[in-house]
Amino acid sequence: MKVSDFDYELPARLIAQDPLPHRDESRLMVVGRGGGVFSHGKFKDIVDYLCPGDVLVLNDTKVIPARLEGVREDTGGRVEVLLLREAGEGLWEALVKPGRRARLGSRLVFGEGVMVGTLLERTGAGGRLIRFECPAGFREAIEKLGKMPLPPYIKKYPGDPGRYQTVYARREGSVAAPTAGLHFTGDLLERIKDSGVKVLTVLLHVGIGTFRPVSVGEVENHRMHEEYYEISPDTAKAINAVKDSGGRIIAVGTTTVRCLEASAAGPGRVRAGSGLTDIFIYPGYRFKVIQGMITNFHLPKSTLIMMVSAFAGRENILRAYREAVEREYRFFSFGDAMLII
């Protein structure tokens with residue numbers, strides 16, 4: 001299967017550079033999983049498409065200020081570090097730029113000594129394993145020195161960094177937001193609960209596996225980077241009860257989909273637990289857990305558009321994307337949303 005099969009034309013003006021003033025005022029395209037007519041509305045009307053007995057599953061990960069600017073201790077040369085994944089006490093897997101000058105054993109200084117990192121080894125994702133020393137504590141150091149790691153297609157966003165967090169973000173560890181969840185407000189979630197829909201949370205810390213570009217020509221040759229996920233026993237029990245009651249499991253975002261499908265224990269069922277997943281979902285994959293998906297509009301030739309194509313059909317999704325372009329929907333992280341049911 002060719003990566004180019006998932007390409008589409010997108011005018012640059014449709015790439016959202018900032019969020020709308022009100023989260024739930026973004027637009028919503030509703031797409032039938034089996035094809036058919038699309039409907040269009042506002043995200044706040046999503047409650048009309050959910051039924052009593054359904055389960056809405058959120059990823060409650062929280063984005064950390066993962067972009068750090070420092071200098072090399074030996075030369076004073078500028079360096080940028082993007083934290084990817086915690087690998088142990090004081091250890092982080094990270095991308096270092098410029099990478100060719102990031103020699104093993106080098107020491108990087110941040111904030112005039114607030115934090116010092118030592119490059120220990122190379123990682124499979126083209127990054128480095130870094131051991132950090134922070135007299136005042138690592139979390140305190142990155143809160144003071146770090147910046148929100150906005151995607152490169154957002155050129156300048158001087159606004160509130162909290163708008164790149166979901167309202168239900170709780171557990172720190174992601175280097176990118178689970179952006180389908182950015183459309184929810186607290187009031188909207190209460191309306192959904194009041195309608196008889198159960199709202200549950202799982203965890204997947206978003207890392208390079210979610211947003212890394214596909215650099216191969218054949219889809220099957222791409223390898224995902226591992227990301228940490230977690231499902232509690234109570235959440236697993238509640239999800240597993242849905243199949244018996246006739247409700248639907250609707251995942252908010254591709255990261256939630258990856259978490260649920262990685263923990264599948266049979267049709268409509270998941271296992272409680274935690275671990276690392278490198279699951280790669282593309283057309284041909286048989287979904288085991290979810291019956292619906294809320295997602296944003298994704299980059300051409302990305303693993304994310306491959307996932308939604310696996311769920312709703314490649315031609316169906318590309319047709320929906322063409323209609324979204326014609327109707328001038330807003331694309332990517334701060335853009336509009338799609339509900340696939």
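Let's start with the closed barrel, in which six strands follow one another as S5-S6-S7-S10-S9-S8 with antiparallel pairing. From one strand to the next, the twist averages 45 degrees. Keep in mind as you look around that this is a predicted model.

For a closer look at the barrel, pick out strand S6, residues 78-88, and strand S7, residues 91-97. Seven bridges hold this antiparallel pair together. If you would like one bridge to find on screen, go to Val81, whose bridge partner in S7 is Val96.

The barrel strands also have a helix lying across them: H1, made of residues 138-145. Helix H1 lies across S5 (67-72), S6, S7, S8 (107-110), S9 (115-122) and S10 (128-133), and its direction is at about 105 degrees to S9.

Now move on to the open sheet. Its nine strands come in the order S2-S1-S19-S18-S14-S3-S12-S13-S17, and the pairing is mixed. Strands S2 (39-42) and S17 (273-277) are at the edges; each has a single partner strand, so one side of each has no neighbour in the sheet. On average, neighbouring strands here are turned by 25 degrees against each other, direction ignored.

At the S2 edge, which strand does S2 run antiparallel to, joined by four bridges? That partner is S1, residues 27-31. Here you can look for Met29, whose bridge partner in S2 is His40.

This sheet has a helix across it as well. Helix H4, residues 233-245, lies across S3 (55-59), S12 (198-204), S13 (227-231) and S14 (249-252). Relative to S12, helix H4 runs at about 125 degrees.

Note on methods
Residues numbered from 1 in each chain as written. Predicted model: local features only at pLDDT ≥ 70, side-chain atom pairs only at ≥ 80, totals over all residues. Heavy atoms only, no water. Pairing = 2+ DSSP bridges. Helix = DSSP H or I, 4+ residues; strand = E, 2+ residues; numbered from the N terminus. Axes fitted to C-alpha atoms, helices over the stretch in contact; angles between N-to-C directions. Contact = heavy atoms within 4.5 Å.
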